Amino acid sequence: MTDSPELARLRHIGWREPALPDDPRRLARVVAQHRAGYEVHDGEDAFNAQPAGVFLKRGLDPSLRPAVGDFVFLDRATHPVIEAVLPRRSVLTRAAAGERYERQIIATNIDHVLVLTGLDGDFSPARIERYLTLVEGSGARPVVLLSKADTGVDVDAAVTALRARLPAEAAVHAINGKDPATVALLATYLGPGSSAVLVGSSGAGKSTLTNTLLGEERMATGAVRANDSRGRHTTTHRALLMLPTGGCLIDTPGMRELKLTGEENLDLFADIEALAAQCRFADCSHGNEPGCAIQAALASGELSPQRWRNYLKLHDEREEQAATLEARLRRKAAPVKHAGKPKRGGWSHDDD
């Protein structure tokens with residue numbers, strides 16, 4: 001069955017449903033967010049839109065506001081207003097930087113998270129594990145891309161070291177972000193109707209890869225520092241781009257802080273948790289207790305010290321964030337106490 005012209009147009013921006021919603025309002029997708037409002041795309045044109053007042057209420061959970069990747073309903077006014085956000089099929093979040101607990105949406109309605117890291121000074125298996133932990137539960141699948149494979153580094157050694165720390169089914173590709181052959185390699189994740197978000201540190205080569213996928217120099221690129229292979233933020237805001245392959249790519253600024261939300265399952269470390277369950281004592285601290293399966297695995301080389309340390313770090317952070325989240329939800333659920341009106345003339349029930 002052939003799609004209607006309107007449905008075919010929406011396919012260009014990643015609409016996956018077999019039919020259009022039964023709603024007279026205008027359907028579009030959020031492709032960028034600015035301080036002055038949003039930029040949306042209806043599959044044919046990009047235009048600006050403002051959020052309705054319901055999204056501007058003080059104290060509103062930020063996750064309820066429109067985000068890049070959302071499909072939204074707008075009115076049909078000359079200056080469109082976003083009236084509603086459609087249900088999301090996937091949401092990638094992190095805890096926002098700072099002391100105050102708040103979840104920040106990175107992208108919505110995505111099928112894959114492309115985790116890009118350079119094979120230079122940017123290469124860090126521990127950071128990749130952190131990225132993959134954040135992807136858990138998002139509804140999207142992670143794909144690890146090791147960029148700068150053309151810079152003379154030992155690619156095979158890096159891939160081997162990384163695969164030893166990731167599940168066997170994890171997708172890992174070493175790429176040259178400037179090589180057009182990369183487009184064919186990633187076509188599996190960026191085909192018609194698919195949406196992906198590209199994440200990684202500043203200087204990892206996100207803008208370079210994005211330009212290659214676009215087939216044109218649309219995104220600004222910059223040099224990296226020699227001492228740590230980090231770069232400046234050439235991408236300043238999240239933006240959804242339509243690719244010649246038929247898919248959509250959300251490019252993001254470099255992320256210097258990747259805080260867990262407290263809702264992660266740490267499925268990436270299921271093997272470690274399975275080992276811990278084999279300890280002789282249920283309350284084993286995995287130190288000097290007899291019969292500790294973790295210590296035995298470390299001694300035999302089955303478990304690397306680096307991976308064990310990173311698991312402990314992420315586990316403790318997850319627990320701390322989970323406690324913070326629980327306390328925040330308790331405060332929000334607590335009834336608000338209103339002070340009574342001041343009594344005129346000192347009157348009270350006792351005076352009757």
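**Exercise 1. The two sides of a helix**

Task: In this predicted model, establish which residues on the other side of helix 3 are exposed, and which residues of helix 3 are buried.

Solution: Begin with the outward side, where D156 and T160 of helix 3 are exposed. Turn next to the residues that are buried in helix 3, which spans residues 155–163; these are V155, A158, V159 and L162. Viewed down the axis of helix 3, the buried residues fall within an arc of 95°, so they line one face of the helix. The background to this pattern is that an α-helix has 3.6 residues a turn, so residues three or four places apart point the same way. Finally, ask what covers the buried residues of helix 3: the cover includes helix 2 (125–135), strand 9 (141–147) and strand 10 (171–174).

**Exercise 2. A pair of packed helices**

Task: Describe how helix 2 and helix 8 pack, giving the angle and the distance between their axes, and then state which residues make the contact.

Solution: Two packed helices are described by the angle between their axes and the distance between the axes. For helix 2 and helix 8, the latter covering residues 305–333, the angle is about 40° and the axes lie 10 Å apart. Angles under 35 degrees count as roughly parallel and those from 65 to 115 as roughly perpendicular; helix 2 and helix 8 are therefore oblique to each other. The crossing in which helix 2 passes helix 8 is right-handed. On the side of helix 2 the contact is made by A126, E129, R130 and T133, and on the side of helix 8 by R307, N310, K313, L314 and E317.

**Exercise 3. Two residues and their surroundings**

Task: Decide whether S194 is buried or exposed, do likewise for E39, and list what each of these residues touches.

Solution: First locate S194, which sits in the loop between helix 4 (181–186) and strand 11 (195–200). Its relative accessible area is 15%, and because buried means under 20%, S194 is buried. Leaving aside residues up to four places away in sequence, S194 touches D111, Y189, G247 and C248.

Next take E39, whose place is in strand 2 (residues 37–41). With a relative accessibility of 26%, E39 counts as partly exposed. Again not counting residues up to four places away in sequence, E39 touches R29, V30, V31, A32, H34, A46, F47 and N48. As a last step, consider E39 and A28, which are 11 residues apart in sequence and, from C-alpha to C-alpha, 9.8 Å apart in space.

Definitions and conventions: Residues are numbered from 1 along each chain as its sequence is written. This is a predicted model: local features need pLDDT of at least 70, side-chain atom pairs count only at pLDDT 80 or more; totals for chains, interfaces and linings use all residues. Side-chain values use heavy atoms; hydrogens and water are left out. Buried means under 20% relative accessible area, exposed over 50%, partly exposed in between (1.4 Å probe, protein chains only). Helices (H or I, at least four residues) and strands (E, at least two) are DSSP runs, numbered from the N terminus. The arc is that of the directions from the helix axis to the C-beta atoms. Contact means heavy atoms within 4.5 Å. Axes are lines fitted to C-alpha atoms, for helices over the stretch in contact, and angles run from 0 to 180 degrees between N-to-C directions. Angles under 35 degrees count as roughly parallel, over 145 as roughly antiparallel, 65 to 115 as roughly perpendicular and the rest as oblique. A crossing is left-handed if the near helix is turned anticlockwise from the far one by less than a right angle, and right-handed if clockwise.
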